[in-house]
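Here is a short briefing on one protein chain. Please look over the sequence and the structure before reading on.

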Amino acid sequence: MSSASPRGERMAPFYCPYCGEEHLEPREEHGSWYCPDCVRSFTLKFLGVGVPGTASKEIPR
């Protein structure tokens, strides 16, 4: 059984990534949050699990 809601939304963030406060309010935009403590709005995006692929060519020094 999946822990995601029927609409496919993920859980809310536990704290603000800027100030660390825990009081966050959802915004109207999908996945957007507002922190009234530092007056910032932000979105979070899951990029994946694991090590990202590296280019096959070596980086010149």
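Which residues does cysteine 16 touch, not counting residues up to four places away in sequence? The answer is Glu21, Leu24, Cys35, Cys38 and Phe42. The coordinates behind this answer are a predicted model. The chain has 61 residues, and 13% of them are buried.

**Confidence and overall make-up**

- Mean pLDDT for the protein chain is 79. A value of 70 or more is reached by 70% of the residues.
- Residues 1-7 call for caution, as pLDDT stays under 50 there. For this stretch the model has 1 contact beyond four places in sequence.
- The chain has 3 strands and 0 helices. Read from the N terminus, the order is β-β-β.
- Among contacts with a separation of 6 or more, 12% join residues 24 or more positions apart.
- About 6,100 Å² of the protein chain is exposed. Carbon and sulfur atoms supply 53% of that area.

**Nonpolar core**

- The largest nonpolar core holds 6 residues: Cys16, Leu24, Trp33, Cys35, Cys38 and Phe42.
- Cysteine 16 belongs to this core. Its contacts beyond four places in sequence include the core members Leu24, Cys35, Cys38 and Phe42. Glu21 is also on the contact list of cysteine 16.
- Cysteine 38, another core member, sits in the loop between β2 (32-35) and β3 (40-43).
- With neighbours within four places in sequence set aside, cysteine 38 contacts Cys16, Tyr18 and Cys19.
- Glutamate 21 and cysteine 38 are 17 residues apart in sequence. Their C-alpha atoms are 8.5 Å apart in space.

**The loop between β2 and β3**

- Valine 39 shares this location, the loop between β2 and β3, with cysteine 38.
- Phi of valine 39 is near 55°. That is a positive value in a residue other than glycine.
- Is valine 39 buried or exposed? Valine 39 has a relative accessible area of 59%, which is over 50%, so it counts as exposed.

**Strand β2**

- Serine 32 lies in strand β2.
- The relative accessible area of serine 32 is 9%. Serine 32 is buried because this value is under 20%.
- Beyond four places in sequence, serine 32 is in contact with Glu25, Pro26, Arg27, Phe42 and Thr43. One of these, Phe42, is also in the largest nonpolar core.

**Salt bridge**

- How many salt bridges does a search of the whole structure find? The search finds 1.
- The side chains of arginine 27 and glutamate 29 form a salt bridge, at 3.3 Å from N to O.
- Arginine 27 has 38% relative accessibility and counts as partly exposed. Glutamate 29 is partly exposed too, at 43%.
- Arginine 27 also appears among the contacts of serine 32.

**Surface patch**

- Met11, Phe14 and Tyr15 make a nonpolar surface patch of about 420 Å².
- Methionine 11 is in the segment before β1 (25-26).
- Methionine 11 has a relative accessible area of 64%. Methionine 11 is exposed because that value is over 50%.

Methods. Residues numbered from 1 in each chain as written. Predicted model: local features only at pLDDT ≥ 70, side-chain atom pairs only at ≥ 80, totals over all residues. Heavy atoms only, no water. Helix = DSSP H or I, 4+ residues; strand = E, 2+ residues; numbered from the N terminus. Contact = heavy atoms within 4.5 Å. Core = buried A, V, L, I, M, F, W, Y, C linked by side-chain atoms within 4.5 Å. Buried < 20%, exposed > 50% of the residue type's maximum accessible area, 1.4 Å probe, protein only. Patch = residues over 30% accessible without salt bridge, like charges linked within 9 Å, V, L, I, M, F, W, Y side chains within 5 Å. Areas by Shrake-Rupley, 256 points an atom, 1.4 Å probe, with all protein chains shown as cover. Salt bridge = Lys/Arg side-chain N within 4 Å of Asp/Glu carboxyl O. pLDDT = per-residue confidence, 0-100.
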